[in-house]
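I opened the model to look up helix packing, salt bridges, backbone outliers and surface patches, and I kept the entries in the order in which I went through them.

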Amino acid sequence: IRGRSPSRGLGDVYKRQFYQELQLNQAGSKDLLKKSETAKEKIYHLFVYMAKVAVTMAFCFLFVTIFSILLGNENSIVGVVVLLCLMVFRNADLGIHTGQSTMLLALFFAVMTVCPHLANQLSPVSGMLLNIAALAVLILFGCHNPFMFNQSTLVLGYLLLYGYDVTGKSYEMRLVGMAAGAVLTCLVFYRNHRNRVYKRKIQDVLQEFALSSSRTKWQLCQILCVPAVLCIAELFKMPRAMWAGIAAMSAILPFMEDMQYRVKKRIVGNIAGVLCFTALYFLLPSSIYAYIGILGGIGVGFSAKYGWQAVFNTFGALAIAAESYGLKGAVSLRVIQNVFGVVFALVFCAVFYLGMSKKMAGEN
């Protein structure tokens, strides 16, 4: 039997190490950089980190572009939502039997495809009720473990499709794109998780729903607060209501201390992002304004902390909104909607948690 040469074996080790390091998130990559003991080691980890960001950005850009070409530019958001689901659920699970989880993912895509569109056809109050029902399905069955942050994918996807609604032929193409995305996501999810064993099933999730549980209270806050924020923003005729909804969703966490941290970082990060975007808007030629959003995406790729992610997420949102509302209008909307969203969420959850605690204490 012919053995491997030492050089080839060493090469295989480096290939495996390179691939494994590519799978790390921003925090993991930065942790490796901090722990580097030599300059050579730090340069190697930095190279892998840079390669990961470059490959990820190129793949994301290509993926969304293909969806835009096939479905039309007005449906490019479908590519974003499908991409988010693919990148998250290839690793994340629902904590439920894999076969049932796969069926739930298909259901989530159906909810995200139909409910935001219908809610846009209704009055703000009626739309709020439909949004509550839709988010109940996504949150109760898709976010059983709050620390997996699946709500950052499912609720965000729902709100993006809500904010960038289409009609007529464009909606028919959206149906096709979301159906294809559902099939692709379910196939990837099942392939990656089929060997995992979970005893919990859908009925167990329903049985574990309890008002005394911090998880259930957090789920109810998401379900009730986010649609309420959307409804209030629309009743006051505030454009880009989805921005307030996204801000509220990102701030709602199981513990008030964590929420307070998120609210502060979201407000400060958005103000900093607005200032940076405004500076770039005046410094750069108008022909490359569209690329400011891409710059923001790169910044998010390098950001491990929520505050910095809030800064760079602002770039993409403002790059799109400035085309419709102008710089002044887009900046004002961004700040107002985000401050309103996170502050409302903080007050709502504080009152809700306190009320639930008193209710449970009274029953005991």
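**Helix packing**

I began with the pair H4 and H5, whose crossing is right-handed. The model is a predicted one, and I read every value below as computed from it. For this pair I noted an angle of about 160°, with the axes 13 Å apart. Since angles over 145 degrees count as roughly antiparallel, that makes H4 roughly antiparallel to H5.

I then followed H5, residues 98-121, to helix H6, residues 124-142, and found that they pack at an angle of about 165° with their axes 10 Å apart. That makes H5 roughly antiparallel to H6. The handedness I recorded here is left-handed for H5 passing H6, whereas the crossing of H4 and H5 is right-handed.

My last packing entry concerns H10 and H11, whose axes come within 8 Å and cross at roughly 155°. H10 and H11 are therefore roughly antiparallel to each other, and H10 passes H11 in a right-handed crossing.

**Salt bridges**

How many salt bridges does the structure hold? I found four, and I took several of them in turn.

The side chains of Asp93 and Arg196 meet in a salt bridge, with 2.8 Å from N to O. This pair links distant parts of the chain, 103 residues apart: Asp93 sits in the loop between helix H4 (76-89) and H5, and Arg196 in the loop between helix H8 (168-193) and helix H9 (202-207). I also checked how far each partner is covered, and Asp93 counts as buried because its relative accessibility is 14%, while Arg196, at 38%, counts as partly exposed.

Within helix H8 I looked at Lys169 and Glu172, whose side chains meet in a salt bridge at 3.9 Å, N to O. Because they are three residues apart in helix H8, Lys169 and Glu172 are separated by about one helical turn. Lys169 has a relative accessibility of 58% and so counts as exposed, whereas Glu172, at 43%, counts as partly exposed.

Next I turned to Arg200, which forms a salt bridge with Glu208, the closest N and O atoms being 3.2 Å apart. Salt bridges that share partners join Arg200, Glu208 and Arg215 into one network. For the accessibility of the first pair I noted 28% for Arg200, which counts as partly exposed, and 29% for Glu208, which likewise counts as partly exposed.

**Backbone angles**

I looked for positive phi values in residues other than glycine, bearing in mind that most residues other than glycine have a negative phi.

Phe149 is one of my entries here, with a phi near 55°, a positive value in a residue that is not glycine. I placed Phe149 in the loop between H6 and helix H7, which spans 151-163. With a relative accessibility of 33%, Phe149 counts as partly exposed.

Arg240 also went into the notebook, since it has a positive phi of about 55° although it is not a glycine. Its position is in the loop between helix H10 (214-235) and helix H11 (241-251), the two helices that I had already noted as roughly antiparallel to each other. Is Arg240 buried or exposed? I recorded Arg240 as buried, because its relative accessible area is 16% and buried means under 20%.

**A nonpolar surface patch**

Which residues make the nonpolar surface patch of about 460 Å²? I listed Phe61, Ile288, Tyr291, Ile294 and Ile298. The largest share of the patch, three residues, comes from helix H13, which covers residues 290-302.

I then looked up Phe61 separately and found that it lies in helix H3, residues 39-71. Phe61 counts as exposed because its relative accessibility is 54%, and the cut-off that this step needs is over 50%.

Methods: Residues numbered from 1 in each chain as written. Predicted model: local features only at pLDDT ≥ 70, side-chain atom pairs only at ≥ 80, totals over all residues. Heavy atoms only, no water. Patch = residues over 30% accessible without salt bridge, like charges linked within 9 Å, V, L, I, M, F, W, Y side chains within 5 Å. Areas by Shrake-Rupley, 256 points an atom, 1.4 Å probe, with all protein chains shown as cover. Helix = DSSP H or I, 4+ residues; strand = E, 2+ residues; numbered from the N terminus. Buried < 20%, exposed > 50% of the residue type's maximum accessible area, 1.4 Å probe, protein only. Axes fitted to C-alpha atoms, helices over the stretch in contact; angles between N-to-C directions. Parallel < 35°, antiparallel > 145°, perpendicular 65-115°, else oblique. Left-handed = near helix turned anticlockwise from the far one by under 90°.
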